[in-house]
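Work through the exercises below with the model open. Each task is followed by a stepwise solution.

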Amino acid sequence: MSSVTSTGPAPASGDASPGDPAAVPRGPVTSASYSITVRLTADGDPASIGRIATAVGQAGGAVTAIDVVESRSDGLTVDVTCSAADAAHSEEMVAALRAVSGVTVRKVSDRTFLLHLGGKLEVASKVPLRTRDDLSMAYTPGVARVCLALAEHPEDVRRLTIKGNTVAVVTDGSAVLGLGDLGPGAALPVMEGKAALFKRFADIDAWPICLDTQDVDEIVRTVELLAPGFGGINLEDIAAPRCFEIEARLREKLDIPVFHDDQHGTAIVALAALRNALRVVDKHLPDVRIVVAGAGAAGTAIVHLLLEAGAGQVLVWDREGILAPDDDRLSPAKRALAELTNPACTRGELPDALVGADVFIGVSAGNVLPVEALAGMAERAVVFPMANPTPEVDPVRARQHAAVVASGRSDLPNQINNVLAFPGVFRGLLDARATEISDGMLLAAAEALGAVVRDDQLNANYIIPSVFDPAVTPAVAAAVAEQARTEPGATVEVTDRTGLID
């Protein structure tokens, strides 16, 4: 058995920054994202293994595997794999193992860091390169014939190159997850993961593009220069309000779809989940009062799509309070949002906005809302605290006051996860060879996603399908492609993706 690679100790809780998950209150359950493998030696006492498992359990961890690495007459070397609630909890489990009589801890490896060693992506050839004939067709001299053909018929580039199935995942690293401005290098693992999800769920070849600039003009020009090699652009983890201008300018300049997943992906999944949640509580979108916490990229897109879908009453809260159009402190983007949602110029804080509200959607920051404030909401309330990695309010405690609760967490029912949207959206756009993306396509995606949950499946704990439901991507892709092909003024080409057939 190969040895476990050590990635160094997890950071101590006292060293954690405010954005570090170790700095936030520990969650109620353990998670694979904080799992570790501890290599240790135990003496020959047959009860040693039991004491090891007991120590982890008493520390609040969960043992998922104990593998024997080496067996000797005087004892064992074992790898103990266990999951924790956060980084500090991992250290507590290691300390508990060190205290076990007859046990010596040799090495501690963080399994999440091990998974990322060397990155998560690779380039693989789709064609064999075993003979001279293979080389002569895939590369010179045969490839020259294809180049000349494309120079004469540039419309065939999508069919004869990777462009027709390739997406650029572009970031400047200014808003990485919920962790803030970490820069392009620290953003790369997220962009790699995004590309891996594209491949896994939609068989799309995506590549991370991490730009070492936060200048809007430079970002727009760089993406414009890169665009000929891609069939679509997925903007990711770019801070507001810069992301709005970048997206708008790229949509104007490029002849391929530009999609900001933090905005539109989140909005699609949130709308799909909300529609199904309202079915559970027997309420209707035009009639309910909705409060959105967070006026950044995700919040702005959610509000926009809710209004497009027919929502009648929406209030938005951010650090300035309830956004009101007569508030001189607001940025232009926030003032525009206030003008759309709060013509009465209502003022107050988040708990004030929630009084009598039917729906809360959070895309702001962790622990900004006391759970007691939910008691003031209307009966059969719907609560979606989706801030990552820590929700606005504890989703478990929120169930005391709400009929339906959803969050971004994978360890609880009703996970609002963008992977439910963006693979299918881009699959549909690429299949239809769409040149742009519209609100109609976003609405079609949300409707198709919601419809994956059948009437006989729908309940308060199942308003949105699992990310591993095989029906999700095909349903969303078909809806987006159909909308792209039928939308007035849309410019699309139809392909069956099987070769050169129009």
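**Exercise 1. The annotated span**

Task: For residues 37-113, state how far apart the end C-alpha atoms lie and give the share of helix and of strand.

Solution. Keep in mind that the model is predicted. Take the ends first: the C-alpha atoms of residues 37 and 113 are 11 Å apart. Then take the composition: the span is 34% helix and 47% strand. Finally, turn to the record. An unreviewed UniProt entry lists residues 37-113 as "domain: ACT".

**Exercise 2. Strands S1 to S4**

Task: Work out how S2 and S3 pair, and how many residues lie between them.

Solution. Start with the ranges: S2 covers residues 62-72 and S3 covers residues 75-84. Nine bridges link them in the antiparallel sense. Two residues separate the strands, and S2 and S3 form a hairpin. To check the register, find Glu70; its bridge partner in S3 is Thr77.

Task: Trace the pairing of S1 with S3 and with S4.

Solution. Begin with S1, residues 31-43, against S3: ten bridges, antiparallel. Val38 is a useful marker, as it stands opposite Val80 in S3. Next, set S1 against S4, residues 103-110: seven bridges, again antiparallel. Here Arg39 has Lys107 in S4 as its bridge partner.

**Exercise 3. The six-stranded sheet**

Task: Give the strand order of the six-stranded open sheet and name its edge strands.

Solution. Read across the sheet: S11-S10-S9-S12-S13-S14. The pairing is mixed. The edges are S11 (321-322) and S14 (404-405), each of which pairs on one side only. Now take one pair inside that order. S12 (residues 359-362) and S13 (residues 382-385) run parallel, joined by four bridges. Ile361 has Phe384 in S13 as its bridge partner.

Task: Which strands does helix H10 lie across, and at what angle does H10 run to S13?

Solution. Locate H10 at residues 261-281. The helix lies across S9 (289-293), S12, S13 and S14. Its angle to S13 is about 155°. Then follow the chain onward: Asp282 sits in the loop between H10 and S9. Asp282 is not a glycine, yet its phi is positive, at about 60°.

**Exercise 4. A salt bridge within a helix**

Task: Find the salt-bridge partner of Glu245 and relate the two positions to the helical turn.

Solution. The structure holds 24 salt bridges. One of them joins Glu245 to Arg249, with the closest N and O atoms 3.2 Å apart. That distance is inside the 4 Å cut-off for a salt bridge. Both residues belong to H9 (residues 242-253). They are four residues apart, so about one helical turn separates them.

**Exercise 5. Cis peptide bonds**

Task: Place the cis bonds that precede Pro141 and Pro241, and give omega for each.

Solution. Take Pro141 first. The bond from Thr140 to Pro141 is cis, with omega about 10°. Pro141 lies in the loop between H4 and H5 (142-152). Now Pro241. The bond from Ala240 is cis, with omega near 0°. Pro241 lies in the loop between S7 (232-235) and H9.

**Exercise 6. A surface patch**

Task: Which residues form a nonpolar surface patch with Leu129, and what accessible area do they have together?

Solution. The other members are Val127 and Leu135. Together the three residues have about 270 Å² of accessible area. To place Leu129, look at the loop between H3 (111-116) and H4 (132-138).

Technical notes
Residues are numbered from 1 along each chain as its sequence is written. This is a predicted model: local features need pLDDT of at least 70, side-chain atom pairs count only at pLDDT 80 or more; totals for chains, interfaces and linings use all residues. Side-chain values use heavy atoms; hydrogens and water are left out. Patches are made of residues with over 30% relative accessible area and no salt bridge: like charges are joined within 9 Å, nonpolar side chains (Val, Leu, Ile, Met, Phe, Trp, Tyr) within 5 Å. Accessible areas come from the Shrake-Rupley method with a 1.4 Å probe; for residues, only the protein chains shown count as cover. A salt bridge is a side-chain nitrogen of Lys or Arg within 4 Å of a carboxyl oxygen of Asp or Glu. Two strands pair if DSSP finds at least two bridges between them. UniProt positions are given in the numbering used here, feature names are shortened, and annotations may be inferred rather than shown by experiment. Contact means heavy atoms within 4.5 Å. Axes are lines fitted to C-alpha atoms, for helices over the stretch in contact, and angles run from 0 to 180 degrees between N-to-C directions.
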